[in-house]
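Colleague: Could you walk me through this protein before I head back to the bench? I'd like to know what to look at and how far to trust it.

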Amino acid sequence: MMPAGPDGQILGPAQWTMQREWHPDVNTSVCRGCGLVMPIHAGPTHAYMGASPACWRLYGQASTLSWGHHDGLPLLRLVVNAYGAQHPGTEGVRAVKSVAVHLMGLCTILERGAQAEPHLMHVRERKPARRTLDLHWLDPPRPNGTLTVRGPLDAVGRDDHAVAVEAWARDVWAAWAPHHETVRGWLDSVSTRDA
């Protein structure tokens with residue numbers, strides 16, 4: 001049975017978690033980034049992303065399953081960018097840069113059709129930066145998408161996994177709609193600078 005909202009619409013895991021009254025269980029934790037409720041995991045987490053240790057563990061699993069392309073979309077890049085944008089952490093220099101990079105990555109792939117893996121340049125190939133981007137903190141949406149890293153992990157088979165990764169990435173990108181123009185502006189500034 002799928003949880004439903006007040007109007008009968010089907011809710012994703014993040015919406016379901018955020019809309020129901022939650023009574024903490026000593027054996028579970030809530031990921032502050034995506035809202036997943038999971039058994040407590042005492043492992044590591046990321047230094048500045050807002051992920052619980054249990055959710056960070058799921059991300060590690062999802063990233064190992066997502067190599068390659070499907071219908072031209074680079075799956076690993078979608079996993080990395082969706083997860084990073086969905087788990088922004090708290091305002092700080094590293095979090096600001098991280099969220100900006102992940103949102104620009106989602107925009108580049110989902111809206112602008114970038115399909116190739118990023119080119120890794122040798123140090124001597126780099127052009128000196130002429131200016132810096134005006135990156136600043138973007139208030140994260142609540143909920144930050146309705147799908148989570150759980151979807152790609154629960155998918156059965158390669159094609160279902162790819163479909164789940166794309167759906168999750170598109171869902172997270174859509175959640176950030178109030179900031180799309182800012183992100184597009186950053187990308188346009190980079191394109192103009194590198195031309």
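Below are a few questions and answers on the fold, one helix pair and the confidence.

Colleague: Happy to start simple: in what pattern do the helices and strands follow along the sequence?

Modeller: Keep in mind that this is a predicted model. The protein has seven helices and four strands. Read along the sequence, they give α-β-β-α-β-β-α-α-α-α-α.

Colleague: And what percentage of the residues count as buried?

Modeller: Buried here means under 20% relative accessible area. With that cut-off applied to the 195 residues of the protein, the share is 43%.

Colleague: At what angle do the axes of H4 and H6 cross, roughly?

Modeller: Let's place them: H4 covers residues 93-110 and H6 covers residues 158-175. Their crossing is left-handed. The two axes come within 10 Å, and the crossing angle is roughly 120°.

Colleague: How many charged residues are there in the contact of H4 with H6?

Modeller: H4 brings Leu103, Leu106, Cys107 and Leu110, which meet Ala169, Arg170, Val172 and Trp173 of H6. By class, seven residues in this contact are nonpolar and no residue is polar, while the number of charged ones is one.

Colleague: Good to know! Over which residues near the start of my reading, with 31 contacts beyond four places in sequence, does pLDDT stay under 50?

Modeller: Overall, the mean pLDDT is 80, and 72% of the residues reach 70 or more. Where pLDDT is low, the predicted coordinates should not be read in detail. That caution applies to residues 116-124, where pLDDT is below 50. The stretch you ask about is residues 1-20.

Conventions
Residues numbered from 1 in each chain as written. Predicted model: local features only at pLDDT ≥ 70, side-chain atom pairs only at ≥ 80, totals over all residues. Heavy atoms only, no water. Helix = DSSP H or I, 4+ residues; strand = E, 2+ residues; numbered from the N terminus. Buried < 20%, exposed > 50% of the residue type's maximum accessible area, 1.4 Å probe, protein only. Axes fitted to C-alpha atoms, helices over the stretch in contact; angles between N-to-C directions. Left-handed = near helix turned anticlockwise from the far one by under 90°. Contact = heavy atoms within 4.5 Å. Nonpolar A, V, L, I, M, F, W, Y, C, P; charged D, E, K, R; others polar. pLDDT = per-residue confidence, 0-100.
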